Amino acid sequence: MSMEPTFDIDRYRSSLVTSSLLADHPSIRVGITGRIPEREPAEGNAGYSSPRDPEAAWIERQRWATAAGIDPRALTSAYQVHGNSVVNVNVDSRGIGGAPGSGSIGKADGLITASPGVAVMTLHADCMPIILVDPERPAVGVIHAGWRGTIADVAGATVRAMASAYGSRPERLIALLGPGIRACCYEVGDEVVEAWRGIGADVADQALEMGARKWHFDIARANSLLLERAGVLPSHIEDRALCTQCNGDRWFSHRGQGPATGRFAAIAAIAPDDRKDSTTWF
């Protein structure tokens, strides 16, 4: 499958969510994609699952990766299961789960890599995307955190995986929390409240708000607290405070648009050593 030769790259580049904390690290390439209504072939959708068209989504993945300065052939993803498993991706796994028919690297909701030229990717439609960066090593990670993954502490598990695999110091990590469903729209049942309260008194009620009818769960706040618990400094956590359901024209939202809606992606990579100062790899 060849890459699309031309497209409106500025439209895609301007739609990417990035981190101001990484401005001084040109070798680190990160981006959270979005939705571009009326844009062919798939409004920016990066998800393959039915009823979406994988070939159209592959075109969109190529566009987004190129806009982020990443080779689309480097995209690597897992089968997400709303848990806390983390996969360490190396050059031998590069590209698995990227193009249609390329398989999956396994079942996981966290992907990490310290291999230049490898891009890790997770998919979202309300669940919180988190990008972790160790600019010192360097190393990167992406996280898919729904309420189940949050309560299973996938964020903390990814911090610990980077420390174990790469020697990353948690206090050096930079975290970007992107668009996801926010407390304003995220009504939850008692099972979520009880599960969250069960993970520890130090975070228990700091991510819960009682609404007019039900509890509201602040999944971004919850993950920020768990990152801090894992050793990430509060000043190193950048929360873009964007609600997917409130902004359905900019992002896909399962609650706002239904299960057949598309998916946006969180992508992170380290540029190959000979390309650190260039905008693209090709």
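Me: In this predicted model, how many of the 14 residues of H2 are buried?
Reply: Buried here means under 20% relative accessible area. Ala56, Trp58, Arg61 and Trp64 are among the H2 residues that meet that cut-off. Helix H2 is largely enclosed by the rest of the structure, because the buried count out of its 14 residues is 11.

Me: How far apart are the end C-alpha atoms of H2?
Reply: H2 covers residues 54-67, which makes 14 residues. At 1.5 Å a residue, the helix should span 20 Å. The model agrees with that, as the end C-alpha atoms are apart by 20 Å.

Me: What about E6, then: how many of its residues are buried?
Reply: Let's take the two sides of the strand in turn. Met128, Ile130, Leu132 and Asp134 point one way, Pro129, Ile131 and Val133 point the other way, and all are buried. That leaves E6 mostly covered, with a buried count of 7 of 7.

Me: Which residue in E7 stands opposite proline 129?
Reply: E6 and E7 are antiparallel and share 7 bridges. A hairpin of 4 residues links the two strands. Across from proline 129, on E7, you'll find histidine 144.

Me: And which residue in E8 stands opposite valine 133?
Reply: E6 also pairs with strand E8, residues 174-177. That pairing is antiparallel too, over 4 bridges. Opposite valine 133 stands isoleucine 174.

Me: Is arginine 137 buried, partly exposed or exposed?
Reply: Arginine 137 is in the loop between E6 (128-134) and E7 (139-145). Its relative accessible area comes to 41%. Buried needs under 20% and exposed needs over 50%, so a value in between counts as partly exposed. That makes arginine 137 partly exposed.

Me: Which strands are the edges of the open sheet of 4 strands?
Reply: The order across this sheet is E1-E13-E5-E2, with mixed pairing. An edge strand here pairs on one side only. That picks out E1 (28-32) and E2 (75-77).

Me: What is the bridge partner of threonine 76 in E5?
Reply: E2 and E5 (residues 119-124) run parallel, joined by 3 bridges. For threonine 76, the partner in E5 is valine 120.

Me: How many polar residues are in the lining of the largest pocket?
Reply: This pocket holds about 590 Å³ of space. Its lining has 25 residues, with Ser49, Ala78, Tyr79, Gln80 and Leu123 nearest the centre. By class, 8 are nonpolar and 4 are charged, while the polar count is 13.

Terms used:
Residues are numbered from 1 along each chain as its sequence is written. This is a predicted model: local features need pLDDT of at least 70, side-chain atom pairs count only at pLDDT 80 or more; totals for chains, interfaces and linings use all residues. Side-chain values use heavy atoms; hydrogens and water are left out. Two strands pair if DSSP finds at least two bridges between them. On a 1 Å grid over the protein atoms alone, a cavity is a set of points where a 1.4 Å probe fits but cannot get out, and a pocket is an open set with protein on both sides within 12 Å along at least five of seven lines; lining residues have an atom within 4 Å of a point. Grid points are joined across faces, edges and corners, and a volume is the space filled by probe spheres set on the points. Ala, Val, Leu, Ile, Met, Phe, Trp, Tyr, Cys and Pro count as nonpolar, Asp, Glu, Lys and Arg as charged, and the others, Gly among them, as polar. The expected span of a helix is 1.5 Å times one less than its number of residues. Buried means under 20% relative accessible area, exposed over 50%, partly exposed in between (1.4 Å probe, protein chains only).
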